[in-house]
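Please open the model in a viewer and keep the sequence panel at hand. The tour proceeds by selections, each followed by a description of what is found there.

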Amino acid sequence: MVVGFLIRAGVVIGAVYYTKKTGVWGNPEETEQLYNDIKDQLRPHVNRLERHLPFEVPALPRTGEFRYLAKHYYNEGVKNTFHFIEMLPCYTGQLMKKAKDTFENLSQPPTSQ
């Protein structure tokens, strides 16, 4: 158990260290440079793969598109989270009513047919 925890912790620490070293957690310019480097390194492999696939692979998004999409989906996630929080009392009330009805049905003696 302790060994498993140490292995998992080591993997997480290694992943954080590696991503910090490569620039994922750096300033926006470092992250953009990392994205462009990864895109450039993947392009030859994608080209080779495109020749063998029966369909067309879409191009990787440009940095501006990537920023827009990241902001858009982040904002949608925040909106949906707050909508869920707003509706939580309603959902809780519905759950409690269903639980009450279920327990009432279970507490009644079975009817013989």
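What span should the 21 residues of helix H1 (residues 2-22) have at 1.5 Å a residue, and how far apart are its end C-alpha atoms? The model is a predicted one. Select residues 2-22: the expected span of H1 is 30 Å, and the C-alpha atoms at its ends are 30 Å apart, so the two values agree.

**Helix H1 and its two ends**

Keep H1 selected and display the surface. Is this helix largely in the open or buried? The number of buried residues among the 21 of H1 is zero, so the helix lies largely in the open.

Move next to Met1, in the segment before H1. Met1 has a relative accessible area of 93%, and because exposed means over 50%, Met1 falls in that class. For a long reference line, draw a distance from Met1 to Val46: these residues are 45 apart along the chain, and their C-alpha atoms are separated by 42 Å.

At the other end, select Gly23, which comes just after H1. Gly23 adopts a positive phi of about 105 degrees.

**The two domains**

Colour residues 8-60 as domain 1 and residues 61-107 as domain 2. The C-alpha centres of domain 1 and domain 2 are 31 Å apart. To their contact, domain 1 contributes six residues and domain 2 contributes five residues.

**The largest pocket**

Now select Pro28, Thr31, Glu32, Tyr35, Thr63, Phe66, Arg67, Ala70 and Lys71, the residues that line the largest pocket. Two elements give two or more residues each to this lining, namely helix H2 (28-52) and helix H3 (63-107). Which element gives the most to the lining? It is H3, with five residues.

The volume of the largest pocket is about 170 Å³. Colouring its lining by class shows four nonpolar, two polar and three charged residues. With the domain colours restored, the position of the pocket can be read directly: domain 1 and domain 2 both give residues to the lining, so the largest pocket lies between them.

**Glu32, a residue of the lining**

Centre the view on Glu32, which has its place in helix H2 and belongs to the lining of the largest pocket. Which residues does Glu32 touch, not counting those up to four places away in sequence? They are Thr63 and Arg67, both of which are also lining residues of the largest pocket.

Glu32 has a relative accessibility of 28% and therefore counts as partly exposed. Add Ala70, another residue of the lining. Glu32 and Ala70 are 38 residues apart in sequence, and their C-alpha atoms are 13 Å apart in space.

**Pro44, further along H2**

The last stop is Pro44, also in helix H2. Is Pro44 buried, partly exposed or exposed? Its relative accessibility is 46%, so Pro44 counts as partly exposed. To close, draw a line from Pro44 back to Ile7: the two are 37 residues apart in sequence and 35 Å apart in space, C-alpha to C-alpha.

Conventions: Residues numbered from 1 in each chain as written. Predicted model: local features only at pLDDT ≥ 70, side-chain atom pairs only at ≥ 80, totals over all residues. Heavy atoms only, no water. 1 Å grid on protein atoms, 1.4 Å probe; cavity = no way out; pocket = protein on both sides within 12 Å on 5 of 7 lines; lining within 4 Å. Points joined across faces, edges and corners; volume = space filled by probe spheres on them. Helix = DSSP H or I, 4+ residues; strand = E, 2+ residues; numbered from the N terminus. Nonpolar A, V, L, I, M, F, W, Y, C, P; charged D, E, K, R; others polar. Domains from an automatic or database assignment. Expected span 1.5 Å × (residues − 1). Buried < 20%, exposed > 50% of the residue type's maximum accessible area, 1.4 Å probe, protein only. Contact = heavy atoms within 4.5 Å.
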